[in-house]
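Trainee: Can we go through this one together before I set anything up? I'd like to start with the packing and then look at pockets.

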Amino acid sequence: MTHFPDPATVDIPGFSFELPQGWEIIHPDRVLFCLIHQQPGFSPNTVVAQERRSADLTDETLMGEMSQYVASLKNSRITAQQGGTNSRGQDWNIVEYIYDHEIGTLAGSLAILTVKHDGVADTYRFHSTVTGQTAAQDLRTIHEFLETVTLDEEEAER
């Protein structure tokens, strides 16, 4: 009998973060969870998903996939992108963009944290969407949230 996790199936690394004031966590289908700031109309949000990939995953591959995603959106434009290792030794790739949606112009941020361990690469996708008069402040709140994401100590030592 094999179990999850064990050396053959490899556990998913955990992480911690600070929940922005006024935001809550909800649990939609097919993702780990969603952070949302409930408001009338559109609510700023960050959807968090996880995917296990091959250990040979590169930043170039991720950035290419992220750029393809943005290009698939209506009237989209990348406004910023960054990749590399942060001061805590975590591998991040981030693309920010704007695009047209049926409710108006939306701003998005797609940030991917990659954790390579035990012959695999686990990616955590933080997909954020904002709009309206509070979009700039909401993006700052999301940036602040992303800066608090920290791999659990056990994972960081791998």
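**Packing and pocket**

Mentor: Start with Phe126, bearing in mind that this is a predicted model. Leaving aside its neighbours within four places in sequence, Phe126 is in contact with Phe15, Thr46, Val47, Val48, Trp92, Ser109, Leu110, Ala111, Leu113, Phe145, Leu146 and Val149.

Trainee: And the largest nonpolar core, how many residues does that have?

Mentor: It has 20 residues. Those with the most contacts inside it are Phe15, Trp92, Leu113, Phe126, Leu146 and Val149.

Trainee: Which elements give two or more residues to it?

Mentor: Those are β3 (33-36), β7 (104-117), β8 (120-130) and α2 (135-148). The largest share, five residues, is from α2.

Trainee: What is in the second core?

Mentor: That core is separate and has 13 residues, including Leu57, Met63, Met66 and Val70.

Trainee: OK, pockets. How much space is in the largest one?

Mentor: About 390 Å³.

Trainee: Which residues lie nearest its centre?

Mentor: Gln82, Asn86, Trp92, Ile94 and Glu147, out of 16 lining residues. Trp92 also belongs to the largest nonpolar core, where it is among the residues with the most contacts.

Trainee: Which element gives the most to the lining?

Mentor: β5, with six residues. The elements that give two or more are β5 (77-85), β6 (91-101) and α2.

Trainee: How does the lining split by class?

Mentor: Five residues are nonpolar, eight are polar and three are charged.

Technical notes
Residues numbered from 1 in each chain as written. Predicted model: local features only at pLDDT ≥ 70, side-chain atom pairs only at ≥ 80, totals over all residues. Heavy atoms only, no water. Core = buried A, V, L, I, M, F, W, Y, C linked by side-chain atoms within 4.5 Å. Buried < 20%, exposed > 50% of the residue type's maximum accessible area, 1.4 Å probe, protein only. Helix = DSSP H or I, 4+ residues; strand = E, 2+ residues; numbered from the N terminus. Contact = heavy atoms within 4.5 Å. 1 Å grid on protein atoms, 1.4 Å probe; cavity = no way out; pocket = protein on both sides within 12 Å on 5 of 7 lines; lining within 4 Å. Points joined across faces, edges and corners; volume = space filled by probe spheres on them. Nonpolar A, V, L, I, M, F, W, Y, C, P; charged D, E, K, R; others polar.
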